[in-house]
Structures are given as structure tokens and as C-alpha cells.
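Student: I would like to take a close look at a single part of this protein and understand how it connects to what surrounds it. Could you pick one helix and walk me through its contacts slowly?

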Amino acid sequence: MQSPPPDPLGDCLRNWEDLQQDFQGIQETHRLYRLKLEELTKLQDNCTNSITRQKKRLQELALVLKRCRPSLSCESAEAAQDLENQMKERQGLFFDMEAYLPKKNGLYLSLVLGNVNVTLLSKQAKFAYKDEYEKFKLYLTIILIVISFSCRFLLNSRVTDAAFNFLLVWYYCTLTIRESILINNGSRIKGWWVFHHYVSTFLSGVMLTWPDGLMYQKFRNQFLSFSMYQSFVQFLQYYYQSGCLYRLRALGERHTMDLTVEGFQSWMWRGLTFLLPFLFFGHFWQLFNALTLFNLARDPECKEWQVLMCGFPFLLLFLGNFFTTLRVVHQKFHSQQQGSKKD
């Protein structure tokens, strides 16, 4: 007895029925997702408005305390101080809350990305983006070391120099965008360590436009040697800061969104002070670059505007990096002295 011939159309119809059942389940899941999304948006708006109201009232309360403080008795002054401490703590809690709420982009992000919401809603997404930022800095730093070494010792071409400077422009531009997104997501990056990347972007752009000539050749080797040293120090900083941050986060002493920086901060005091000589040497090298460029600008053969336009950013970088690092070191010495006096 022969078996019935296969029925391809029947198989297709049965598969279609299975697909239809799956599709109905997908539609229902998507409907629930959109409902939850609308609920989430309403909750975000309510939370944002409530925080804004609270912050406004806290500011008003702080003004009242400031006005009445001179006339308070000793006991009342202690109570007022305790209230101020609680208000500061509340501001910190608001900062953590706002890291999970949509917010308007700052001027820079608005110009670059438009009015796109860049707030990541989960801890895992925030940490993954922060980790990607750190890896990006590490990999590009290694690439910059290799290219600057090649340009300094193996190649002597304005084309390869231009490619190196273009990479620097792209690198610093990308850093400023990523850091702005990380700040929107709760990273507490100090002002100067963000601003100096904008200065470095401008400096790299001017170096990119500097035409080949006598002045450029006089400064070329010094600049490439400095770039190589700076990338090496940045590699050291990333390697040791990432380990220190991991240890401090595990102890609950640092925020999960804290980043490695190309400088020195107070949390690095324990275990990373050996980096200070490398940092200060790099800062004074920036000053040396500025003085070299100012001296070149006085040369009668100097016709390029790029000479002065590179000198001023180098001077600004030296002043910002040196005095910011010096202020951190001074504050730590001062706090240690106060702690020893109390003991």
C-alpha cells in the first residue's frame, strides 16, 4: 500500500497558523510594552517636576538660613548647621536621581547631536557605556604612542604628520562628546578635566593646518616627542587609576560612574602619588612648548599665524593642569594636617 504523496501546501498552511499564533502574542506583548512606556514617561515627568520643585524650595530655605544665621544663638547655630548638612546631602541624592531621568542636553551636545535624549535608564547600560569610554581611551592612547613614535623616528613627511594631527582632532572631539553624555548620566567629571579636552581639540586643529616650512620643522620633533610622552603618561594613568577606582568602588568609597582622568584628583592620593613627578614633568613640558613657540614667533622669518595660535593653548594647558594639580595636592596636605591636629 502506497503512502499518500506529500502535501507542501498543507505544511505551509500549518506553519502559517503557527506564525499567526506567534504574531498575536507579539502584538499583545508590544501593546503592553507601549502602555508601560507611556506609564514610564509620565513617571519620569512627575519625578522631574517634583525634584525641580524641591530644589527650588531648598534654595529658598538656604537663603533664609543665610540671612538669619548672624542673629542665632549657639544652640540654634548648631541646629542650622545640621540642617545645612542635610540639605547638601539631599542635593547629592537629587544628583543621583536625575542621572536616571531624561534631561535637556547642554549647548555642546545640542549643537552636535540635536535634542536627542542621551540618558541611559539602567545601571548596566550606564556602566557598559562608561567601560566602553575607558577602553576607547586606552586603545587610542596605544595607537597614538605608536604613530607619534613612527612620525618622530621613522617617517619625516608632512602627510603622515597631518594624519597624526587629524587623529588627535578626532580623538579629542570624540572624548568631549562622550564625556558630555557621561555627565548627563551621572559621571562627576571636574570642570577643568573636561575643558582641557576642548583646548586640546583646538590646538590639534591648528597643528593640522600648520603648513610645512622652517618654523614647522623647528618645532616638529619637540611636538612629536611631547605627544609620545603625553600618551605614555596617559597610559600609565589609565592602568593605575582603573585599578584604584575598582578597589575604591568595591569599598563603597567612589561612585560607580567615576572616570579615569588625565590629571590628579583627591581620590588618587592613596597609592597614586608616584604619578605626580610624571604629571608635573609633562606640565612643564607644555610650558616649554609655549615658550618655544613664542620665541619662534619673534623670528623675522616667521610668517605663519599658527605659531602664536599654538603657543597660547600650550600656555593655557600648562596653567590649568599645573594649578589644578597643585590645588588638589595642597588641599590633601591641608586636610591631613587638620586630621593629625584633631588626633
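Tutor: What follows is a walk along helix 7 and its contacts.

The model is a predicted one, and helix 7 covers residues 214–250. I shall take its charged contacts to begin with, then its aromatic rings, and then the cavity that it helps to line.

Side chains of opposite charge can pair when their charged atoms come close. The structure holds five salt bridges, and helix 7 takes part in some of them, including one between the side chains of Asp-161 and Arg-220, with 2.6 Å from N to O. This pair links distant parts of the chain, since Asp-161 belongs to helix 5 and Arg-220 to helix 7, with their positions 59 residues apart. Both Asp-161 and Arg-220 are buried. Another salt bridge joins the side chains of Asp-299 and Lys-218, at 3.5 Å from N to O. Here Lys-218 is the partner in helix 7, while Asp-299 sits in the loop between helix 8 (276–297) and helix 9, so this pair ties together parts that are 81 residues apart in sequence. Lys-218 has a relative accessibility of 44% and therefore counts as partly exposed, whereas Arg-220 is buried.

For contrast, consider a salt bridge that stays inside one helix: the side chains of Asp-131 and Lys-135 meet at 3.4 Å, N to O, and both residues lie in helix 4 (residues 123–154), four residues apart, or about one turn of the helix. Asp-131 is partly exposed at 30% relative accessible area, and Lys-135 is partly exposed as well, at 38%.

Now to the rings. The count of aromatic pairs comes to 21, and one of them is formed by Tyr-229 and Trp-285, a tilted pair with 5.6 Å from centre to centre and 40° between the planes. Because Tyr-229 lies in helix 7 and Trp-285 in helix 8, the pair ties together parts that are 56 residues apart in sequence. Tyr-229 is buried, with a relative accessible area of 17%, and Trp-285 is likewise buried at 17%.

Trp-285 also pairs with Phe-281: their ring centres are 5.8 Å apart and their planes stand at 70°, so this pair is edge-to-face. Phe-281 and Trp-285 are four residues apart in helix 8, which means that about one helical turn separates them. Unlike the buried Trp-285, Phe-281 is partly exposed, with a relative accessible area of 48%. Taking a wider view, ring pairs link Trp-210, Tyr-216, Phe-219, Phe-223, Phe-226, Tyr-229, Phe-281, Trp-285 and Phe-314 into a cluster.

One member of that cluster, Phe-226, leads us to the cavities. The structure holds four cavities of 30 Å³ or more, and the second largest has a volume of about 140 Å³. Of the 16 residues that line this second largest cavity, the closest to its centre are Tyr-172, Leu-203, Ser-204, Phe-226 and Gln-230. Helix 5 (158–184), helix 6 (191–209), helix 7 and helix 9 (306–342) each supply at least two residues of that lining, and the largest share, five residues, comes from helix 7. By kind, the lining residues divide into 10 nonpolar, six polar and no charged.

To draw this together, helix 7 is joined to helix 5 through Arg-220, to the loop between helix 8 and helix 9 through Lys-218, and to helix 8 through Tyr-229, and helix 7 also gives the largest share of the lining of the second largest cavity.

Conventions: Residues are numbered from 1 along each chain as its sequence is written. This is a predicted model: local features need pLDDT of at least 70, side-chain atom pairs count only at pLDDT 80 or more; totals for chains, interfaces and linings use all residues. Side-chain values use heavy atoms; hydrogens and water are left out. On a 1 Å grid over the protein atoms alone, a cavity is a set of points where a 1.4 Å probe fits but cannot get out, and a pocket is an open set with protein on both sides within 12 Å along at least five of seven lines; lining residues have an atom within 4 Å of a point. Grid points are joined across faces, edges and corners, and a volume is the space filled by probe spheres set on the points. Ala, Val, Leu, Ile, Met, Phe, Trp, Tyr, Cys and Pro count as nonpolar, Asp, Glu, Lys and Arg as charged, and the others, Gly among them, as polar. A salt bridge is a side-chain nitrogen of Lys or Arg within 4 Å of a carboxyl oxygen of Asp or Glu. Buried means under 20% relative accessible area, exposed over 50%, partly exposed in between (1.4 Å probe, protein chains only). Rings of Phe, Tyr and Trp (its six-membered ring) pair if their centres lie within 6.5 Å; planes under 30 degrees apart count as stacked, over 60 as edge-to-face and the rest as tilted.
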